[in-house]
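Here are my notes on this structure. Please keep the sequence and the 3D view open as you read.

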Amino acid sequence: MDIAVMLLLDRNLPGISPDDLEGRQIFAEQKLLDNLAEKCGVQPLSDFTSMDEVDCADFLGDDIEGLDEIGSVEWFDANQGLVTVEALLKAIGDEVTADANKELEAELESFRAVLKSAANVDVRFRYMIAM
């Protein structure tokens, strides 16, 4: 099972590919990244996760009790996410292995580019866990 964090936008942006919006290594290192964010004094990436009942059903299956009680998604200001991603890029340095670091850094750079584009045109974002 391959799980990733997906960066979703509330509107389409020209030139943004779905490949720019997926973070498998970000998901794998989520706990480390959240700890680093706290050390840096920025909002952890996991705080930007928001899923509705459709997202949850896709991820967990339809037979989950209480699925219909999940509310609507919350969208976040792209500038908030940009602050976190930029702080993480500065902080990851020696915190992860060399191979994982390259992939993680590449995913964070991709997310930073998307969030910069989104912030420039007031497009909001959220993270979602996907398989």
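1. Start with strand S3, residues 125-130. Five of its six residues are buried, so S3 is largely enclosed by the rest of the structure. Buried here means under 20% relative accessible area. Keep in mind that this is a predicted model.

2. Which strand pairs with S3? Strand S1, residues 4-9, does so. The two run in the antiparallel sense, and six bridges join them. For one facing pair, find Leu 9: Phe 125 in S3 stands opposite.

3. Now step back to the whole chain. The protein has three strands and five helices. Along the sequence, the order is β-β-α-α-α-α-α-β. Trace that order in the 3D view.

4. Next, look at two of the helices. H2 covers residues 30-40, and H4 covers residues 78-91. Their axes lie 9 Å apart, and the packing angle is about 100 degrees. Angles of 65 to 115 degrees count as roughly perpendicular, so H2 and H4 are roughly perpendicular to each other.

5. What meets at this contact? H2 brings Leu 33, Leu 36, Ala 37 and Cys 40. H4 brings Ala 87, Leu 88 and Ala 91. Of the residues in the contact of H2 with H4, seven are nonpolar, none is polar and none is charged.

6. Finally, some totals. The protein has 131 residues, and 44% of them count as buried. Among contacts with a separation of 6 or more, 72% come from residues 24 or more positions apart. The exposed area is about 7,400 Å², and carbon and sulfur atoms supply 46% of that area.

Methods:
Residues numbered from 1 in each chain as written. Predicted model: local features only at pLDDT ≥ 70, side-chain atom pairs only at ≥ 80, totals over all residues. Heavy atoms only, no water. Helix = DSSP H or I, 4+ residues; strand = E, 2+ residues; numbered from the N terminus. Buried < 20%, exposed > 50% of the residue type's maximum accessible area, 1.4 Å probe, protein only. Contact = heavy atoms within 4.5 Å. Areas by Shrake-Rupley, 256 points an atom, 1.4 Å probe, with all protein chains shown as cover. Axes fitted to C-alpha atoms, helices over the stretch in contact; angles between N-to-C directions. Parallel < 35°, antiparallel > 145°, perpendicular 65-115°, else oblique. Nonpolar A, V, L, I, M, F, W, Y, C, P; charged D, E, K, R; others polar. Pairing = 2+ DSSP bridges.
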